[in-house]
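Reader: Before any terms are applied to this protein, I should like to see the sequence and the model. I shall then ask what justifies each label.

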Amino acid sequence: MKKKTVSRRYFLMASGATLAGCATAKLPRARFKSPSEKLNVAAIGAGGKGASDIGGCASENVVALCDVDWKNAGKTFDKFPAATKYKDFREMLDKEKSLDAVTISTPDHTHAVAALWAMERGLHVYVQKPLTHNVQEARLLTRAARKYGVATQMGNQGHSGEGVRQLVEMVGSGVIGEVREVHAWTNRPIWPQGIPGPLPPATMPPPDTLDWNGFLGPAADRPYSEAVTPFKWRGFWDFGCGALGDMACHLLDSSNWALKLSNPVSVECVKQEGRSDICFPKKAIVKFEFAAREGMPPVTLFWYEGGLLPERPAGIPEGQKLGEGNNGSLFIGSKGIITTGTYSGGTRLLPDEKMLDWKPVAQTIPRVAQGNHYKDWIDACKGGRAACSNFDYAGPFTEWVLLGSIAQRFDDKLLWDGGKGQFTNKPEANQYLTREYRKGWELPKV
């Protein structure tokens, strides 16, 4: 692979700070409806997770559906028979002039190009987590959302829930003192990873229902392989972001919010099993170090995947569940411990006895009605307050999470300078902050 470096100037331009000229540029007008009107919504990715994402918008007018795999999207097509069907989102966005908003639930590597195509047409966007496939894309989408003035939401649905708000309020109230250590873990991957390269060759041609070229999108052209799709794409460097991409925007959301995290000073893969040139490892532990910020002390965050688990904290009996068992997180404070689940559900103090006479702290954060992440975005599309996981929140969050994916390619601690947008001690790692885009699938200029 040709190594690609990313200049400091480019990252400063993409950070959203340099928006000079936007006020005079002729931009598409975002179509905000009144609360009494229905949005005209389309899906980019209608099978798999896309089915539930567009289903979450069923209160609106679902006018178009796009998926590269029409077999996988079949049930969604049946649910919305009046919607026009497409295989190429570029064609759909050019033809469907009445659209107000789109959901984007494609493999990770096409999130950014689809979202940018939509936003530059003035469309509101709901994009599945992780927001993007690489750091450059996260910064570009954050900047584009500001430039085009559209309503945005990342699909980390727990961010609309009660549990994460309770946790943020508990940490903010000082109930466990200063938090200097966090541990979060997942049983993912539940798809193949650690496959030695090269990519296994196909034993059959692509199904007639699959547009393989459309699936590849911005990725390099290559022959079809059933080792990749459906579903198994998530473990491959070129298409997915591994277990971190799948689960960190859920499991680390509470840490990101409560501890005001951004731009770690370092990231390091301290353990892994099954390193591969084409895939994420089978198991890994990634360590993030954050400096002191906004009155909070430095904090070290450990991420465990593939069934690896943190040590049980001293004083917590074996029979007491940490997180949800296979997935969860621990906040280790100077005065106590909080644990929470995948989507920040079941937030509670440890040991369990501390909850017997627990009185909830005062609510300081607005609640999302019924914790409905989709309606939170739809309301924003109709002129309401910004959705809770809009790109000003989701972009910087995704950015530091994806630094952990890059760390899994190396044995060394990587030192990160967020202002310059680069690793300072290992220049060869900077090539993974972006990617080469196939002709016809380049990112639109922002």
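**The terms and their grounds**

Author: The largest pocket has a volume of about 750 Å³. The model is a predicted one, in which local features need pLDDT of at least 70, side-chain atom pairs count only at pLDDT 80 or more, and totals for chains, interfaces and linings use all residues. Residues are numbered from 1 along each chain as its sequence is written, and side-chain values use heavy atoms, with hydrogens and water left out.

Reader: What makes a set of points a pocket and not a cavity, and how is a volume obtained?

Author: On a 1 Å grid over the protein atoms alone, a cavity is a set of points where a 1.4 Å probe fits but cannot get out, whereas a pocket is an open set with protein on both sides within 12 Å along at least five of seven lines. Grid points are joined across faces, edges and corners, and the volume is the space filled by probe spheres set on the points.

Reader: How many residues line the largest pocket, and which lie nearest its centre?

Author: The lining, meaning residues with an atom within 4 Å of a point, has 41 residues, and Gly 47, Ser 105, Thr 106, Pro 107 and Trp 233 lie nearest the centre. By class there are 16 nonpolar, 15 polar and 10 charged residues; Ala, Val, Leu, Ile, Met, Phe, Trp, Tyr, Cys and Pro count as nonpolar, Asp, Glu, Lys and Arg as charged, and the others, Gly among them, as polar. The helices α2 (49-55), α5 (111-119), α8 (212-216) and α9 (242-251) each supply at least two lining residues, with the largest share, 3 residues, from α9.

Reader: What makes a run of residues a helix or a strand?

Author: Both are DSSP runs numbered from the N terminus: H or I over at least four residues for a helix, E over at least two for a strand. The protein has 12 helices and 15 strands.

Reader: Why is the pair of Arg 312 and Glu 318 called a salt bridge?

Author: The term requires a side-chain nitrogen of Lys or Arg within 4 Å of a carboxyl oxygen of Asp or Glu. The N to O distance for Arg 312 and Glu 318 is 3.6 Å, so the pair qualifies. Lys 426 and Glu 428 also form a salt bridge, at 3.3 Å. The structure holds 24 salt bridges.

Reader: Why is Glu 318 called exposed, and Lys 426 buried?

Author: Buried means under 20% relative accessible area, exposed over 50%, and partly exposed in between (1.4 Å probe, protein chains only). Glu 318 has 65% and therefore counts as exposed, while Lys 426 has 14% and is therefore buried. Their partners are both partly exposed: Arg 312 at 28% and Glu 428 at 30%.

Reader: Which parts of the chain does the pair of Arg 234 and Asp 108 link?

Author: Arg 234 and Asp 108 form a salt bridge with their closest N and O atoms 4.0 Å apart. Arg 234 is in the loop between α8 and α9, and Asp 108, 126 residues away, is in the loop between β4 (101-104) and α5. Both residues are buried. They belong to a network of salt bridges with Lys 129, Arg 188 and Asp 246.

Reader: How do you know that the protein agrees with a compact globule?

Author: The rule is 2.2 Å times the number of residues to the power 0.38, with the radius of gyration taken over C-alpha atoms. For 446 residues this gives near 22 Å; the protein has 21 Å, and therefore agrees.
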